[in-house]
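Here is a quick walk through the model, going from the symmetry down to the helix packing. Keep the viewer open as you read.

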There are 2 protein chains.
Amino acid sequence: MKVLVGSPGTVSSLLLRLGQSLFAAASIGVMISSSGFSTYTAFCYLIASMGLQVLWSMGLACLDVYALRVKRDLQNPVSVSLFVVGDCVTATLSLAAACSSAGVTVLFARDVHLCSTEADLSCNRYKISVSCAFVTWALIAQSSTVMLWLLASM
Amino acid sequence: MKVLVGSPGTVSSLLLRLGQSLFAAASIGVMISSSGFSTYTAFCYLIASMGLQVLWSMGLACLDVYALRVKRDLQNPVSVSLFVVGDCVTATLSLAAACSSAGVTVLFARDVHLCSTEADLSCNRYKISVSCAFVTWALIAQSSTVMLWLLASM
C-alpha cells in the first residue's frame with residue numbers, strides 16, 4: 001500500500017486534520033466576533049460550513065491518533081472510500097463558503113466602498129475570516145486529493 | 001487501460017466538453033446582456049473564469065474529435081497529467097467564480113432586497129448566469145475526477 005503525505009493513520013494526516021480544524025475554528029471565531037455578520041447569508045453559510053469542517057476534521061484527527069497508538073492500518077478500500085466522500089464534500093462546501101464570503105467582502109470593500117463609509121462594518125474581520133477559510137480549503141483539498149489517489153490506486 | 005465515462009478520446013468525453021463550453025458560453029452571454037454587471041468584481045471574475053473554461057473545453061473537444069477520427073489513444077501518462085492539471089485548475093476557478101457571484105446575487109436578492117427596490121439591477125439574469133456557471137462546474141468536476149482517477153490507476 002502506498003504511503004503519501006496525508007495518508008490516513010500517519011503523522012502527516014494528523015497534522016493536516018489539526019490544521020484544518022484550527023483554521024476553520026479561527027474563521028468561525030473571527031466571523032462571530034465581527035459586528036452585523038448575521039445580516040448576510042454568505043457569512044452565516046461560512047460559519048455553518050466551517051463548523052461542519054471542524055467536526056469532520058476533528059473526528060478524523062481522533063481516528064488518526066487512535067490508528068497511530070494501536071498501529072492500526074486505516075488504508076482499506078471501505079475506510080478510504082468513506083474518507084474520499086467526506087473530504088470531497090467538505091472541500092467543495094469550504095471552497096463555496098470561502099468564495100461566496102469573499103465575493104461579498106470584495107463588494108463591500110472595493111465595489112460599493114461600504115467599508116470606508118459604514119463604520120459599523122467589521123471589514124478587516126471579514127477579510128481575516130475569509131482568509132482562514134481559504135487556508136482551510138487548501139488543507140482539505142490536499143487531504144481529498146490524497147484520498148482519491150489512494151482509492152484509485154488500490 | 002480503463003475506459004470510464006469521460007475518459008479522453010471517447011464520445012462521452014466529447015459530450016462533456018461540449019456541455020461545459022455551452023453552459024460556460026451561456027453564462028457569459030446572459031451576464032454580458034445584464035445591465036450594470038461591470039460594476040461588480042465578482043461578475044467580471046465570473047466572465048473571465050467562464051471565458052477560460054470555454055477556451056479549455058473547446059480545445060479538448062477538438063482533441064477528442066481528432067482522437068475519434070484517427071482512432072488515436074489519448075490515455076498516456078503525459079497527456080492525462082496535463083488534462084488533470086488543466087481540469088483541476090479550471091474546475092476550482094469555475095466553482096470559485098460561481099460561488100462568489102452567487103454570494104453577491106443572494107446579497108442583492110435576500111439580504112438587502114436591492115432587486116425589489118432597484119429597477120436597473122438585472123437580478124434574474126444574474127441568477128440564470130450563476131446557475132449556468134454551477135452546471136459548468138458540475139460537468140468539469142466530473143471530467144477532473146475521471147482524469148485524476150485514470151492518472152492514479154495508470
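## How the two copies relate

This is a predicted model. Turn chain A by 180° with 0.0 Å of shift along the axis and chain A lands on chain B, with an RMSD of 0.0 Å. The two copies are thus related as by a two-fold rotation axis. In general, two copies of a chain are related by a rotation about an axis and a shift along it.

Which residue of chain A comes closest to the rotation axis? That would be Ser100(A), whose C-alpha sits 2.0 Å from the axis. As for the contact between the copies, the same surface serves both, with 100% of the contact residues of chain A recurring in chain B.

## The chain at a glance

Chain A is built with 5 helices and 0 strands, so if you read along the sequence you get the pattern α-α-α-α-α. Put a box around the C-alpha atoms of chain A, along the principal axes, and the box comes out at roughly 60 × 25 × 20 Å.

## What the record says

UniProt, in an unreviewed entry, lists residues 7-139 of chain A for "domain: Casparian strip membrane protein". In the model, that stretch of chain A is 81% helix and 0% strand, and its end C-alpha atoms are 13 Å apart.

The unreviewed UniProt entry also carries the annotation "transmembrane region", covering residues 40-68, 80-108 and 128-152 of chain A. How do two of these look in the model? Residues 80-108 of chain A are 100% helix and 0% strand, with 41 Å between the end C-alpha atoms. Residues 128-152 of chain A are likewise 100% helix and 0% strand, and there the end C-alpha atoms are 36 Å apart.

## α2 against α1 and α5 in chain A

Start with helix α1 (residues 11-32) of chain A, which packs on α2(A) at an angle of about 155°, with the axes 8 Å apart. An angle over 145 degrees counts as roughly antiparallel, and α1(A) and α2(A) are therefore roughly antiparallel to each other. Their crossing is left-handed. By class, the contact of α1(A) with α2(A) has 19 nonpolar, 7 polar and 2 charged residues.

Now look at the other pairing. Helix α2 (residues 41-70) of chain A packs against helix α5 (residues 123-152) of chain A at about 40°, with axes 11 Å apart. That angle makes α2(A) oblique to α5(A). The crossing of α2(A) past α5(A) is left-handed. On the α2(A) side the contact is made by Phe43(A), Leu46(A), Met50(A), Gln53(A) and Trp56(A), and on the α5(A) side by Tyr126(A), Ser129(A), Ala133(A), Thr136(A) and Ile140(A). Sorted by class, the contact of α2(A) with α5(A) has 7 nonpolar, 3 polar and no charged residues.

## α3 against α5 in chain B

Over in chain B, helix α3 (residues 77-111) and helix α5 (residues 123-152) pack at an angle of about 155°, with their axes 7 Å apart. Is α3(B) roughly parallel or roughly antiparallel to α5(B)? That angle makes α3(B) roughly antiparallel to α5(B).

The α3(B) and α5(B) pair has a left-handed crossing. Residues in the contact of α3(B) with α5(B) divide into 23 nonpolar, 7 polar and 2 charged.

Terms used:
Residues numbered from 1 in each chain as written. Chains lettered and ligands numbered in written order. Predicted model: local features only at pLDDT ≥ 70, side-chain atom pairs only at ≥ 80, totals over all residues. Heavy atoms only, no water. Axes fitted to C-alpha atoms, helices over the stretch in contact; angles between N-to-C directions. Helix = DSSP H or I, 4+ residues; strand = E, 2+ residues; numbered from the N terminus. Parallel < 35°, antiparallel > 145°, perpendicular 65-115°, else oblique. Left-handed = near helix turned anticlockwise from the far one by under 90°. Contact = heavy atoms within 4.5 Å. Nonpolar A, V, L, I, M, F, W, Y, C, P; charged D, E, K, R; others polar. Least-squares fit on C-alpha atoms with pLDDT ≥ 70 in both. UniProt positions renumbered as here; feature names shortened; annotations may be inferred.
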